[in-house]
Amino acid sequence: MSAAEVAPAPPGDDTARGPTRRFVTDFLTSRAPSLDPPTDAPRRSDSADELLILNYKLPCVAPHLWHRCERRYCADGGANRLFDDMPRLFPDHHPDAVRAAFVPDVIVGDLDSVRPEVLAYYRDAGARCVDLSADQDSTDLHKAVTHMVDSAWRVSQGTGNGLGRVIAGKGWLMEHRIFAVGALGGRFDQTMSSVSAAHEFGDAHVVLIGRNSMAFVVPARTRVTIVPDVAHEGPTCGLIPVCGAAKNVRTSGLRWNLTGGGLEMGRLISTSNALDVDGTDGEVRIETDAPLLWTTDVSRMWSDDVEESPARLDR
């Protein structure tokens, strides 16, 4: 077997029965934040990506993600983060100018964590506020992703952007991604809520982004190709079977590849692995019979210049 090949499946194994999916990390950058979209940023009309800001530390890549995304959302107290933290990324600009340049399309959630003056500011600036406080059985992240997926699906069907209730299994376009900024690194229970949402909304390809790590779900019974941005992420990476045992996992492009063995919580999981893509055309290839959480280290590209916001940490 050459270094560029995934170990072949044994006869009768349906690990990779499904289609091939390709995930490319093309959204990280080390360039300085900009108030205006860079010349090489995708036009909003050309991008299917969406940005979701949660109520946790805003990383320095947030302005870059903002410029490349078609729609921008804040999940409840995430509006406080946008209001407080974004100006700190632009110390040479007046805070009012920064806030005026970064107005979200929608603020969604219980609306009990966003400060009244922040909500009023963005509402007056044109943001739409969606109160989903009637639902007390889900987090603001879950409410926001539900709203985002359903609204975009309705737009694609030509029925407007109304709020619906059932979003799973709608067959999202492969190009679509939801960048959930602030989804990792806070309280452990909230981090697990983010991981759960990423699994539930697997078709929407939710990318969880924190100060130190980035993660998304590798779906089951699918040939997955990941093209990491080795200039900005890794080399440390991992594959974690959050939703139960994966009995057959095969990889290439890692320092310690799996060749058909299993991963299971309480037994073997692939943590502290490392990217090794020189012999695989810059790609990591994964086949699995159960969903896995793929995670990489992104700590070397973040700036810690943004001080802790006084905003509440419940999101």
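Which residue in β12 does leucine 239 stand opposite? Keep that in mind while you get set up; this is a predicted model, and the tour begins at strand β10.

**Stop 1: β10 and its two partners**

Select residues 236-240 to bring up β10. The strand is mostly covered, with 4 of its 5 residues buried. Now add residues 270-274, which make up β12. The two strands pair in the antiparallel sense over 3 bridges, and here is the reply to the opening question: leucine 239 stands opposite serine 270.

Next, pull in β14, residues 292-297. β10 and β14 also run antiparallel, joined by 4 bridges. To find your place in this pairing, click isoleucine 240, which has leucine 293 of β14 standing opposite.

**Stop 2: the whole sheet**

Zoom out and colour the strands in order: β5-β4-β3-β2-β6-β7-β8-β14-β10-β12. That's an open sheet of 10 strands with mixed pairing. Which strands stand at the edges? They are β5 (128-131) and β12; each has a single partner strand, so one side of each is left without a neighbour in the sheet. Look along the sheet and you can follow the turn between neighbouring strands, which is 25° on average, direction ignored.

While you're here, select β8, residues 213-218. This strand runs antiparallel to β14, and 6 bridges join them. Valine 218 is a handy marker, standing opposite leucine 292 in β14.

Then show helix α6, residues 188-200, which packs on the sheet. The helix touches β6 (178-184), β7 (206-210), β8 and β14. Compare directions and you'll find that α6 makes about 160° with β7.

**Stop 3: helix α2**

Jump to residues 78-85 for helix α2. Is this helix enclosed or open? All of it is covered: 8 of the 8 residues are buried, so α2 is largely enclosed by the rest of the structure. Label them if you like, from Gly78 and Ala79 through to Asp84 and Asp85, with Arg81 and Phe83 among them. To see what does the covering, switch on β2 (50-53), α1 (62-68), β3 (71-75), α3 (95-101), β4 (106-109) and α4 (116-124), which are included in the cover.

**Stop 4: glycine 253**

Last, pick glycine 253, in the loop between β11 (249-252) and β12. Its relative accessibility is 2%, so it counts as buried. Show its contacts and you'll meet Ala274, Leu275, Asp276, Val277, Thr280, Glu283 and Val284, not counting residues up to four places away in sequence. Finish with a distance: from the C-alpha of glycine 253 to that of isoleucine 226, 27 residues apart along the chain, is 9.4 Å.

Conventions
Residues numbered from 1 in each chain as written. Predicted model: local features only at pLDDT ≥ 70, side-chain atom pairs only at ≥ 80, totals over all residues. Heavy atoms only, no water. Buried < 20%, exposed > 50% of the residue type's maximum accessible area, 1.4 Å probe, protein only. Pairing = 2+ DSSP bridges. Axes fitted to C-alpha atoms, helices over the stretch in contact; angles between N-to-C directions. Contact = heavy atoms within 4.5 Å.
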